[in-house]
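Dear colleague,

Please find below the structure that I am handing over to you. I should be grateful if you would look through it alongside the notes that accompany it.

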Amino acid sequence: MARVLVGVKRVIDYAVKVRVKPDKTGVVTQGVKHSMNPFDEIAVEEAVKMKEKKLATEVIAVSVGPAQSAEVIRTAMAMGADRGVHVDVPQAEYELLQPIHISKILAKLALDEKADLVILGKQAIDDDANQTAQMTAAVLDWPQGTFCNKIEKTDAGLTITREIDGGLETIKTKIPAVLSADLRLNTPRYATLPNIMKAKKKPLKKVTAKDLGVDTTPRIEVISVEDPPVRQAGATVADVDALVAKLKEGGHI
Ligand code: AMP
């Protein structure tokens with residue numbers, strides 16, 4: 001296995017309370033802390049571990065998005081990725097991109113870079129789509145191993161343990177393949193200061209979707225984005241009889 005391509009998405013930091021824009025066209029992103037999608041940190045960690053175990057020779061971090069997306073590529077390189085590709089998409093256009101577009105971009109890069117493995121996060125915490133790995137595998141016509149909990153190299157390819165409802169599933173796959181990282185695959189390392197400094201010197205290539213020949217025309221239109229309904233305040237009752245009376249009154253029993 002030579003080359004691993006990892007997708008790293010810049011998303012609103014998980015600790016930020018997301019606010020809907022007053023015109024309901026989306027959420028406020030300006031002036032808000034962004035970070036690498038947490039599942040992508042796990043994907044980078046796995047790829048870097050493969051390199052450390054000499055199962056991979058090169059790790060390439062890819063991010064699609066506006067200029068600031070280069071920051072998460074630098075973080076991936078500080079974690080150990082060898083180089084980066086930034087697919088530059090202006091903010092206004094990026095807000096209309098969907099997983100199908102990202103998948104076509106990643107698939108094209110996987111072929112151009114002669115990658116043997118594409119590792120993505122299982123889900124981006126902003127759109128919660130959980131589609132990109134599956135669609136990338138479909139575009140490439142490569143096998144997919146999603147929700148990886150464990151990835152082991154075998155002579156024939158990979159043995160993957162997947163997190164499924166109520167348990168774990170073990171599958172075998174040949175490479176090239178597309179994988180997606182689940183939460184328990186590993187614990188991502190922190191980027192240390194010396195490695196952050198070293199990452200500044202690692203190669204970072206900038207391309208556009210057009211350069212890759214990918215049509216990014218939107219396929220769906222967002223009609224409105226709304227806040228979740230505000231939870232009604234609860235009430236305290238004096239004893240069980242009062243509780244039962246209240247439930248009856250509300251028609252619940
Ligand atoms: P999603 O299908 O949107 O939930 O995203 C799943 C995974 O696809 C993410 O965890 C990333 O690894 C990858 N991905 C999605 N969007 C991007 C992007 N703009 N740039 C790089 N990777 C992405």
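The following paragraphs set out what was found, beginning with the record and then turning to the ligand.

Please note that this is a predicted model. An unreviewed UniProt entry annotates residues 24-216 as "domain: Electron transfer flavoprotein alpha/beta-subunit N-terminal". In the model, 31% of that span is helix and 28% is strand, and its end C-alpha atoms are 23 Å apart.

As to the surroundings of the ligand, 19 residues form its shell. The closest of them are Asp-40, Ala-124, Asn-130, Gln-131 and Thr-132. By residue class, the shell consists of 8 nonpolar, 8 polar and 3 charged residues. Two strands, β4 (58-65) and β6 (117-121), each provide at least two residues of the shell; β4 gives the most, with 3 residues.

Several polar contacts may be of interest to you. An oxygen atom of the ligand lies 2.7 Å from a polar backbone atom of Asn-130. Gly-121 also takes part through its backbone, with an N or O atom 2.9 Å from an oxygen atom of the ligand. Tyr-94, by contrast, is involved through its side chain: an N or O atom there is 3.3 Å from a nitrogen atom of the ligand.

How much of the ligand's accessible area does the protein cover? On its own the ligand has 480 Å² of accessible area, of which the protein covers 99%.

With kind regards

Note on methods:
Residues numbered from 1 in each chain as written. Predicted model: local features only at pLDDT ≥ 70, side-chain atom pairs only at ≥ 80, totals over all residues. Heavy atoms only, no water. Near = heavy atom within 4 Å. Polar contact = N/O pair within 3.5 Å; in protein donor to acceptor, adjacent residues only side chain to side chain. Areas by Shrake-Rupley, 256 points an atom, 1.4 Å probe, with all protein chains shown as cover. Helix = DSSP H or I, 4+ residues; strand = E, 2+ residues; numbered from the N terminus. Nonpolar A, V, L, I, M, F, W, Y, C, P; charged D, E, K, R; others polar. UniProt positions renumbered as here; feature names shortened; annotations may be inferred.
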